[in-house]
Every structure is written in C-alpha cells, then in structure tokens.
Amino acid sequence: MQFVFLMTHLGSGSGYLCESLGQVPTICCNHTNKIYTHPTDLDSLKIKDRYAKIFIDTIEFNYSFASTALYNCCKFIYLIRNPKHSLGKMVKDGYSRESSINYYLFRLRRMYEMAHHTPKSLFLRYEDMNKDKQLIVDFLGVKDIPPIKLGKEDAETWIPDRGYEKYLSMFEKMSLNKI
C-alpha cells in the first residue's frame with residue numbers, strides 16, 4: 001500500500017490526471033480538501049476504497065499539508081502548469097488578478113521548498129503529462145494508465161511568465177524524477 005500526494009495549484013489540470021489514474025483498478029484518486037497534520041491522517045484515504053493499493057490525494061493549498069513526518073513515507077508528484085492557462089481559469093472562477101498571481105507564486109514557492117525534502121518525488125508539467133506517461137507508470141509501479149485527456153483552454157495575455165519561469169527552472173534543476 002502506498003500513499004501519493006499530487007502537489008499542485010488551482011487551474012493546473014490535475015483533474016485530467018486524476019481522471020486517468022482513477023480508471024486503474026488499484027488506484028484510488030481523491031481530492032479530499034483534508035488538512036494533513038499527522039501520519040494517522042492517511043487512514044481516512046483508505047476508507048474511500050478498501051481494494052486499492054495506491055491512494056492519491058490532490059493538495060492545492062499550502063495550509064493543507066503541515067506534516068513533515070509524511071515526507072519520507074509517502075510519494076509526491078509535483079504538477080505545475082503555465083500561468084497563462086491556470087491563472088486565467090482562476091480569474092474566470094472569481095479570483096481577482098492580483099490574488100490569483102499571489103496564490104500561484106506562493107504555491108509554487110511552497111511546492112519547491114517541499115520538493116527539497118521529499119525523496120520519493122516526480123515533477124510533471126501539464127503540457128508534458130502524456131509525453132511523460134511512462135514516468136508516471138514507473139513512479140507508481142503500475143502496468144499502464146489510460147491516456148490523459150487534456151483540456152484546451154485559451155491563454156490569457158495579461159499574465160507575466162517571470163515567476164513561473166523562475167520556479168520551472170528551479171524544479172527542472174532538481175532532477176525530481178526520483179523513485
């Protein structure tokens with residue numbers, strides 16, 4: 001039995017990945033909005049599907065993951081998406097431009113900080129999920145996963161790339177494809 005956290009941000013397209021992973025009988029993919037403060041919090045994931053061998057929960061907010069004790073006993077997938085798509089979706093969902101930019105940059109910063117301390121990690125970009133499908137399969141230890149059906153959304157032109165490019169570069173230098 002393994003526990004995996006999909007560390008991501010709002011508008012990242014993580015739902016597309018979870019939809020694909022959820023079709024694998026041994027995987028139970030969740031989006032619980034739970035706040036993890038202790039290893040015993042993992043027990044709540046097992047309740048969702050008693051036959052699954054891999055339990056995945058999506059974490060989109062910094063406050064949702066407060067237990068450093070989970071760093072060494074769980075796996076982590078870090079998924080980020082270009083801000084021109086993810087922030088545009090956040091604004092359409094009611095966030096202001098300023099709050100969406102602040103959220104996005106603080107979230108990437110927290111994910112980057114966590115990645116330094118999580119030895120069993122995988123880094124993915126939304127745009128490369130299907131290309132990196134074999135990395136996901138190997139990382140989770142499953143035979144295969146269905147194709148990931150990615151959505152098509154228009155890019156917003158008002159969004160700066162500077163924060164995204166900084167953290168993308170830092171993530172890529174970390175070589176997180178560790179198992």
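**Exercise 1. Find the bridge partner of Q2 in β3.**

Solution. Start at Q2: its bridge partner in β3 is I54. Now widen the view. Strand β1 (residues 2-7) and strand β3 (residues 54-59) pair in the parallel sense, over six bridges. Two strands count as paired if DSSP finds at least two bridges between them. Strands (E, at least two residues) and helices (H or I, at least four) are DSSP runs, numbered from the N terminus.

The model is predicted: local features need pLDDT of at least 70, side-chain atom pairs count only at pLDDT 80 or more, and totals for chains, interfaces and linings use all residues. Residues are numbered from 1 along each chain as its sequence is written, and side-chain values use heavy atoms, with hydrogens and water left out.

**Exercise 2. Give the strand order of the open sheet, then name its edge strands.**

Solution. The order of the five strands is β2-β3-β1-β4-β5, with parallel pairing. The edges are β2 and β5 (121-125), each pairing on one side only. From one strand to the next, the twist averages 20 degrees.

Next, add a helix. Helix α4 (residues 97-115) packs on the sheet and touches β1, β3 and β4 (75-80). Contact means heavy atoms within 4.5 Å. The direction of α4 makes about 150 degrees with that of β4. Axes are lines fitted to C-alpha atoms, for helices over the stretch in contact; angles run from 0 to 180 degrees between N-to-C directions.

**Exercise 3. Identify which element gives the largest share of the largest nonpolar core.**

Solution. First, the term: a nonpolar core is a set of buried Ala, Val, Leu, Ile, Met, Phe, Trp, Tyr and Cys residues joined through side-chain atoms within 4.5 Å. The largest one has 33 residues. Those with the most contacts inside it include F5, Y36 and L42. β1, β3, β4, α3, α4 and α6 (162-174) each supply at least two residues. The largest share, seven residues, comes from α4.

Zoom in on L42. Leaving out residues up to four places away in sequence, L42 touches F3, F5, Y36, L70 and C74. A second, separate core of 22 residues includes L6, I136, V137 and F139.

**Exercise 4. Locate P25 and decide: buried or exposed?**

Solution. P25 sits in the loop between α1 (14-21) and β2 (27-30). Its relative accessible area is 68%, so P25 is exposed. The cut-offs are under 20% for buried, over 50% for exposed and partly exposed in between (1.4 Å probe, protein chains only). P25 and A52 are 27 residues apart in sequence, yet 6.8 Å apart in space, C-alpha to C-alpha.
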